[in-house]
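Me: I've got a protein model open and I'd like to understand how its parts fit together. Can we go through it step by step?

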Amino acid sequence: MAKRTIYLSPPHLTDEALPYIEEALSSNWIAPVGPDVDAFERELAAVVDTPNLITTNSGTSAIHLGLLALGVRPGDEVICSTLTFCASANPIVYCGALPVFVDSERTTWNIDPDLLQEAIEDRIKKTGRAPRAIVAVHLYGMPAQMIPIMTIARRFGIPVLEDSAEALGSLYDGRQVGTLADVGVLSFNGNKIITASSGGALFSSQSALIVNARHLRQEAKEPVPWYEHRTIGYNYRLSNILAAIGRSQLKVLTQRVKKRREIFDLYKHTLAAIPGIGFQTELPDMQSNRWLTAVLFRDTPDQAERIRLALAADDIESRPVWKPMHLQPVFKDTPYYGNGVSDDLFQHGLCLPSGSSLSESELGRVVRIVGKELS
Ligand SMILES: *Cc1c(COP(=O)(O)O)cnc(C)c1O
């Protein structure tokens, strides 16, 4: 039998999805509106434990709507974690605003609270006003240090958006991340911990923000019989068919988190003794969903890349840690407050296959190749 390609984080749908999809199809709600969208929003709000939630057609569009709802306007500055996927930062530019990137701290790999404070103070000194918003990211599912981050943000009166796209099922202080700041965002892209094939969500304890975002989500159509628009809106609604897939996936979220955490434990256990090895670390009161297991291989400068190539030669997908935004050509003139941590994580970090459908023998294949490369 030919060996199967092992992907980094493939979709993991089971038979449970079929009745949901069949019902959505036979209901004829083949539209970006329908009973599955309503039900998905209700069920998701219950899981997240938030009073106000809307779904969107992607996590990126949810971040865009979230920033608009927070009042981000052309010419504003918005602080964003530098070590992340571009979708955390691009919506800042969609708003006509300017990103300001801030580096990571060593424990969680997320935005460094001390540097955040330094960046805010320096932007006020340089521009005469505070940044309009902060985008904090829970990278690979690991919660950012939201308590110090919120203390600093509140002191300066700056609202915070939590990019929890990778972190559904991750808890801080027993609460789903995304509910610790002003607005939270989720993604249901195909590679995330659960998927709707694509989709996103935006939520907040402040109902006015979500009312406004819902309005913008459907072309800012006024509630009159004809098409009336007082502002520019967006076509950002989730398809009812995709909402049906999302509902079926939400049912297995707890199992998916459990499996991803087991995969992390296995990698950590197997690799712990290797010189220079490193992992993202949970602080007290944090529980990561361990969406992806990212490992630092630091014994030699090119160790992570050698392991990536060895895995690729056996049809196993792994990927370098996110290339920080301050190193991206498209953001080369963007202000950046750094300490070298994210550069180091990018150089030495590798995301290993972490999909919840990985079998024991497939995990064994990965571990064997990594072990051989290290010996
Ligand atoms: C996936 C992801 C997004 C965007 O979500 P999409 O649904 O793909 O648009 C945003 N931020 C982070 C950190 C992500 O990993």
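What follows is a set of questions and replies about this model.

Me: What kind of model is this, and which pLDDT do local features need?

Reply: Residues are numbered from 1 along each chain as its sequence is written, and side-chain values use heavy atoms, with hydrogens and water left out. It's a predicted model, where totals for chains, interfaces and linings use all residues, side-chain atom pairs count only at pLDDT 80 or more, and local features need pLDDT of at least 70.

Me: How many aromatic pairs are there?

Reply: Start with the rule: rings of Phe, Tyr and Trp (its six-membered ring) pair if their centres lie within 6.5 Å, and planes under 30 degrees apart count as stacked, over 60 as edge-to-face and the rest as tilted. By this rule, the number of aromatic pairs is seven.

Me: How many residues apart in sequence are the parts that F101 and F331 tie together?

Reply: The rings of F101 and F331 are 5.1 Å apart, centre to centre, with 70° between the planes, which makes an edge-to-face pair. Helices (H or I, at least four residues) and strands (E, at least two) are DSSP runs, numbered from the N terminus. F101 lies in strand β3 (residues 98-102) and F331 in the loop between β13 (319-320) and β14 (336-337), so the parts tied together are apart in sequence by 230 residues.

Me: Is F331 buried or exposed?

Reply: Buried means under 20% relative accessible area, exposed over 50%, and partly exposed in between (1.4 Å probe, protein chains only). F101 has 0% relative accessibility and counts as buried. With 6% relative accessibility, F331 is also buried.

Me: Which residue lies over the face of F264?

Reply: F264 sits in helix α9 (residues 253-271) and F279 in strand β10 (residues 278-279), and both residues are buried. For a charge to sit over a ring, NZ of Lys or CZ of Arg must be within 6 Å of the ring centre and within 35 degrees of the ring normal. Over the face of F264, at 3.4 Å from the ring centre, lies R290.

Me: How much of the ligand does the protein bury?

Reply: A residue is near a molecule if one of its heavy atoms lies within 4 Å of it, and 16 residues surround the ligand, the closest being T60, D163, E166, S187 and K192. The side chain of D163 has an N or O atom 2.7 Å from a nitrogen atom of the ligand, while a polar side-chain atom of S187 is 2.7 Å from a ligand oxygen atom. Accessible areas come from the Shrake-Rupley method with a 1.4 Å probe, and for residues only the protein chains shown count as cover. Taken alone the ligand exposes 380 Å², and the share of that buried by the protein is 93%.

Me: Which residue stands opposite I54?

Reply: In strand β1 (residues 52-56), five of its five residues are buried: N52, I54 and T56 on one side, L53 and T55 on the other. Two strands pair if DSSP finds at least two bridges between them. β1 pairs with strand β9 (residues 200-204) in the antiparallel sense over five bridges. In β9, the residue opposite I54 is L202.

Me: Which residue caps the N-terminal end of α3?

Reply: Helix α3 (residues 59-69) is largely enclosed by the rest of the structure, because 10 of its 11 residues are buried. Just after α3, G71 takes a positive phi of about 95°. At the N-terminal end, a side-chain oxygen lies 3.3 Å from the backbone nitrogen of T60, and the capping residue is S58.

Me: Which strands are the edge strands of the four-stranded sheet?

Reply: The four strands form an open sheet in the order β10-β12-β15-β13, with antiparallel pairing. Two bridges join β10 to strand β12 (residues 293-296), and G278 has L296 as its bridge partner in β12. Pairing on one side only, the edge strands are β10 and β13.

Me: What is the bridge partner of L171 in β11?

Reply: Three strands form another open sheet, in the order β7-β6-β11, and the pairing is antiparallel. β7 (175-176) and β11 (286-287) each have a single partner strand, so one side of each is left without a neighbour in the sheet. Strand β6 (residues 171-172) pairs with β11 over two bridges. In β11, the partner of L171 is Q287.

Notes: Polar contact = N/O pair within 3.5 Å; in protein donor to acceptor, adjacent residues only side chain to side chain.
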